[in-house]
Amino acid sequence: MDISYSGERRISSIRIADERGRTVYEMAPETKSGPEKSAEGLSEKLMNAFSAELERTGVDIRAVKERYQIGNPREMSQELYEKAMKALGRTKSVHAA
């Protein structure tokens, strides 16, 4: 059983597995940006936001891949996506520099 809590100590997600490790119940966290992942990875909406931040900051995707040790950004976990977006959010805009 895996349980995740929000900052207010409320259950934000839970996963219960049977003795073989198969998921029998799952409550995924709700996000404001829609589904966190599609069958192919991060949703199109999240990928568009990520691409917009890369463009705004002028950060090269290769730098992000190297920093977070990922191959395909679409396959990032929600947690890694949020970390990357937070870091990009702290980066000055290319036009402001």
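In helix α3, the residues Gln78, Leu80, Tyr81, Ala84, Met85, Ala87 and Leu88 are buried, where buried means under 20% relative accessible area, exposed means over 50% and partly exposed lies in between, with a 1.4 Å probe and protein chains only. Those buried residues pack against β5 (41-42), α1 and α2 (61-68), and when I speak of contact I mean heavy atoms within 4.5 Å.

Before going further, I should say that this is a predicted model, in which local features need pLDDT of at least 70 and side-chain atom pairs count only at pLDDT 80 or more, while totals for chains, interfaces and linings use all residues. Residues are numbered from 1 along each chain as its sequence is written, and side-chain values use heavy atoms, with hydrogens and water left out.

Helices and strands here are DSSP runs numbered from the N terminus, with H or I over at least four residues for a helix and E over at least two for a strand. The expected span of a helix is 1.5 Å times one less than its number of residues, so the 12 residues of α3 should span 16 Å, and this agrees with its end C-alpha atoms, which are 16 Å apart.

Let me stay with Tyr81, which belongs to the one aromatic pair that the structure holds. Its partner is Phe50, and because the ring centres are 6.4 Å apart and the planes stand at 50°, the pair is tilted; by the rule used, rings of Phe, Tyr and Trp (its six-membered ring) pair if their centres lie within 6.5 Å, and planes under 30 degrees apart count as stacked, over 60 as edge-to-face and the rest as tilted. The pair links distant parts of the chain, since Phe50 is in helix α1 and Tyr81 in helix α3 (residues 78-89), 31 residues apart. Phe50 is buried, with a relative accessible area of 1%, and Tyr81 is buried as well, at 7%.

Which other residues of α1 can we follow? Glu53 also lies in helix α1 and is buried, with a relative accessible area of 16%; leaving aside residues up to four places away in sequence, Glu53 touches Met85, Leu88 and Gly89. Thr57 sits in the same helix, α1 (residues 44-57), and counts as buried at 7% relative accessibility. With the same sequence neighbours left out, Thr57 touches Leu88, Thr91, Lys92 and Val94.

Turning now to the strands, there is an open sheet of three, in the order β1-β2-β3, with antiparallel pairing, and two strands are said to pair if DSSP finds at least two bridges between them. The edge strands are β1 (2-5) and β3 (23-27), each of which pairs on one side only.

Four bridges join β1 to β2, and among the partners Ser4 is matched with Ser13 in β2. The hairpin of β1 and β2 has five residues between the strands, and Arg9 there takes a positive phi near 65°.

Strand β2 (residues 11-17) and β3 likewise pair in the antiparallel sense over four bridges, with Ile14 standing opposite Met27 and Ile16 having Tyr25 as its bridge partner in β3. These two strands form a hairpin with five residues between them, and Gly21 in the turn has a positive phi of about 90°.
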